[in-house]
Structure formats: C-alpha cells, structure tokens
Amino acid sequence: MLALVDALNIMDAVDSKGKPMRFSISFVKKSTGEIIRIPDASKPQRSARVEARHTLSNDRLPDYQKRNPNHYLNQTRNILIGGTDQIRKLHIRLITEFNGHKIFY
C-alpha cells in the first residue's frame, strides 16, 4: 500500500535530466465509475494552452491564453499518456493504484 501523498510526490518528481518520472496509474472515471488503467504515464512538462474567448470588451486578447487549472484547489492533476500527445485530467481522490500499489489516504 502507498499513501496518496507519496504517490503525488513520485508523480511530481523529475529524473537527473529534468524529465518527469514515468509511472503506471489506475483511477475511477468520475462520470461513469469505470476504472481506467494507464500503464505508461508521466506528468506533462507544460500545461496545455486553451483558446481564449473574450466578449466583454473591445480589447484584443492573444489567440491563446493560458488558464490556471487550480490543481491544488480542485484536487486534480494532468497526466500525459505515454506514446501519445494526449493529456488527461484526473481527480487525485479517485486514484486506486499507483505503480502497482494500492492507494490509501
């Protein structure tokens, strides 16, 4: 068994070259209750850019504006699925396994 805080510390760690550590993870999909298993994942090095829509004033905003995901407040993390460019957001309280260890709080 592995404490959630230890799993999050491993998830946030980087190797000697500054690249994010790779890990396997299982979690419950919030909308359907389905268990998702990702055998090769890592933390993305950069956050995804989100297109900004601004209609309240005539000021021009850049085409893309980075939004703050408030991961700490929302208890979420983004993970990069290995071998793809797909970034997936997950709720940390729904993690069931990390690197083959059951998670406890």
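**Exercise 1.** In this predicted model, find which residues S42 is in contact with, leaving aside its neighbours within four places in sequence.

*Solution.* Step 1: place the residue. S42 belongs to strand β3, which covers residues 35-42.
Step 2: set aside the neighbours within four places in sequence and list what is left. The contacts of S42 are P20, M21, R22, F23, I79 and L80.

**Exercise 2.** Decide whether S42 is buried or exposed.

*Solution.* Step 1: take the relative accessibility of S42, which is 5%.
Step 2: compare it with the cut-off; buried means under 20%.
Step 3: S42 therefore counts as buried, at 5% relative accessibility.

**Exercise 3.** Work out how β3 and β6 are joined, and how many residues of β6 are buried.

*Solution.* Step 1: β3 and β6 run antiparallel and are joined by two bridges.
Step 2: one residue pair to look for is A41 with its bridge partner I81 in β6.
Step 3: of the six residues of β6, five are buried, so that strand is mostly covered.

**Exercise 4.** Describe how β6 continues into β7 and where β7 lies in the sheet.

*Solution.* Step 1: strand β6 spans residues 76-81 and runs antiparallel to β7, with five bridges between the two.
Step 2: check bridge partners. L80 is matched with I87 in β7, and R77 with L90.
Step 3: the two strands form a hairpin with five residues between them, and G83 in the turn has a positive phi of about 85°.
Step 4: read the order of the open, seven-stranded mixed sheet, β1-β9-β8-β2-β3-β6-β7. The edge strands are β1 (2-3) and β7 (87-91), each pairing on one side only.

Key: Residues are numbered from 1 along each chain as its sequence is written. This is a predicted model: local features need pLDDT of at least 70, side-chain atom pairs count only at pLDDT 80 or more; totals for chains, interfaces and linings use all residues. Side-chain values use heavy atoms; hydrogens and water are left out. Helices (H or I, at least four residues) and strands (E, at least two) are DSSP runs, numbered from the N terminus. Buried means under 20% relative accessible area, exposed over 50%, partly exposed in between (1.4 Å probe, protein chains only). Contact means heavy atoms within 4.5 Å. Two strands pair if DSSP finds at least two bridges between them.
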